[in-house]
Amino acid sequence: MREKLYQSMIELTNGKWSSTIIQSFARSKLSKTIIPSYIKYFNITLQDVTQPINDFSTLNEFFIREVSTKSRPIHAGTNSIISPVDATVETFGPITKDGIFFVKDKPYTLENLLGSSKIAEQFVNGKYIILYLSPAEYHRIHAPVDGEVIRQYMLGKKSYPVNKWGLQYGKEAISGNYRLLTQLCMPNHKHCFHIKVGAMFVNSIELTNTSSTWKKGEEVGYFSFGSTVVLLFEEDSMEFSATLKAGKFVRMGEIVANML
């Protein structure tokens, strides 16, 4: 009953008109006035931000703020796979032989997430990591590993919440959301997926790197609001870092796994 009520409330408010209004306000000059209260409400640390707060002309500009490179060192290990974002590790684990993985005890299928049964077959028995960015976090997205871009495509239309309530009570909060998917061939010749999932109301996922290769740690895009990144890996391609734990906050550049 609680799940149905939550879904109904979100579906009533998550239409195109509400998304348009919120995005328009966040990009308006008027939104600059609420930046200080936004910072205070989310208790955002400003010491890493590269420009003075008064220089941001809109709330959207603050959402996609840059931080100093010194504050986000990239793990230098040859085989390391890094977190591509500042985020909380929502969950991680194995993908079953049926192509199923679990988030908040809810099953998701690779086929629904990737939009193709053929592509999904490649990641059966692999592993996954789900990283959640709150509205307070640094919103720029980076490459988790060196890789050759095999394919890149978009799926989904609406975006349901991807916070803990959305994942627990929402309807297909990951595989049903608007998302930008990038398949990479890693240096060990195994494949991974870097999936950027849109947040409620604001579907904007901007790609800033359109090259055919990604370098570990380089910026590849940004979210216009809090959101989620899903990493998928082929079978026998990687092992999780011993320091990776559900609920742990990781910064972009920190190790989350190692290539085999």
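**Ala-136, strand S5 and a pocket**

Let's start at one residue. Ala-136 sits in the loop between strand S5 (127–133) and strand S6 (140–142). Keep in mind that this is a predicted model.

Is Ala-136 buried or exposed? Its relative accessibility is 13%, so Ala-136 counts as buried; the cut-off for buried is under 20%.

What does Ala-136 touch, leaving out residues up to four places away in sequence? Tyr-38, Phe-42, Ile-44 and Arg-65. Take Phe-42. Along the chain, Ala-136 and Phe-42 are 94 residues apart. Their C-alpha atoms are separated by 5.5 Å.

That kind of contact fits a wider count. Take the contacts in the chain with a separation of 6 or more: 75% of them involve residues 24 or more positions apart.

Now the pocket. The second largest pocket holds about 230 Å³ of space. It is lined by 15 residues, and Ala-136 is among the closest to its centre, along with Ile-44, Thr-45, Arg-65 and Glu-137. Two of those names we have just heard: Ile-44 and Arg-65 both touch Ala-136. How does the lining of this pocket divide? Into 7 nonpolar, 2 polar and 6 charged residues.

Next, strand S5, on one side of our loop. Of its 7 residues, 6 are buried, so S5 is largely enclosed by the rest of the structure. Which strands does S5 pair with? Strand S2 (residues 87–94) is one, joined to S5 by 6 bridges and running antiparallel. In that pair, Phe-92 stands opposite Ile-129. Strand S13 (residues 227–233) is another, with 7 bridges to S5, again antiparallel. There, Tyr-128 of S5 faces Leu-232.

Elsewhere in the chain, there is an open sheet. It has 3 strands in the order S1-S16-S14, and the pairing is antiparallel. Strand S1 (80–82) and strand S14 (238–240) are the edge strands, each pairing on one side only. From one strand to the next, the twist averages 35 degrees. S14 pairs with strand S16 (residues 255–259) over 3 bridges. Across that pair, Met-238 stands opposite Met-259.

Last, the whole chain. How many helices and strands does it have? There are 7 helices and 16 strands. Of the 260 residues, 53% are buried.

To recap: Ala-136 is a buried loop residue. It is among the residues closest to the centre of the second largest pocket. And S5, which comes before its loop, is largely enclosed.

Conventions:
Residues numbered from 1 in each chain as written. Predicted model: local features only at pLDDT ≥ 70, side-chain atom pairs only at ≥ 80, totals over all residues. Heavy atoms only, no water. 1 Å grid on protein atoms, 1.4 Å probe; cavity = no way out; pocket = protein on both sides within 12 Å on 5 of 7 lines; lining within 4 Å. Points joined across faces, edges and corners; volume = space filled by probe spheres on them. Nonpolar A, V, L, I, M, F, W, Y, C, P; charged D, E, K, R; others polar. Pairing = 2+ DSSP bridges. Helix = DSSP H or I, 4+ residues; strand = E, 2+ residues; numbered from the N terminus. Axes fitted to C-alpha atoms, helices over the stretch in contact; angles between N-to-C directions. Buried < 20%, exposed > 50% of the residue type's maximum accessible area, 1.4 Å probe, protein only. Contact = heavy atoms within 4.5 Å.
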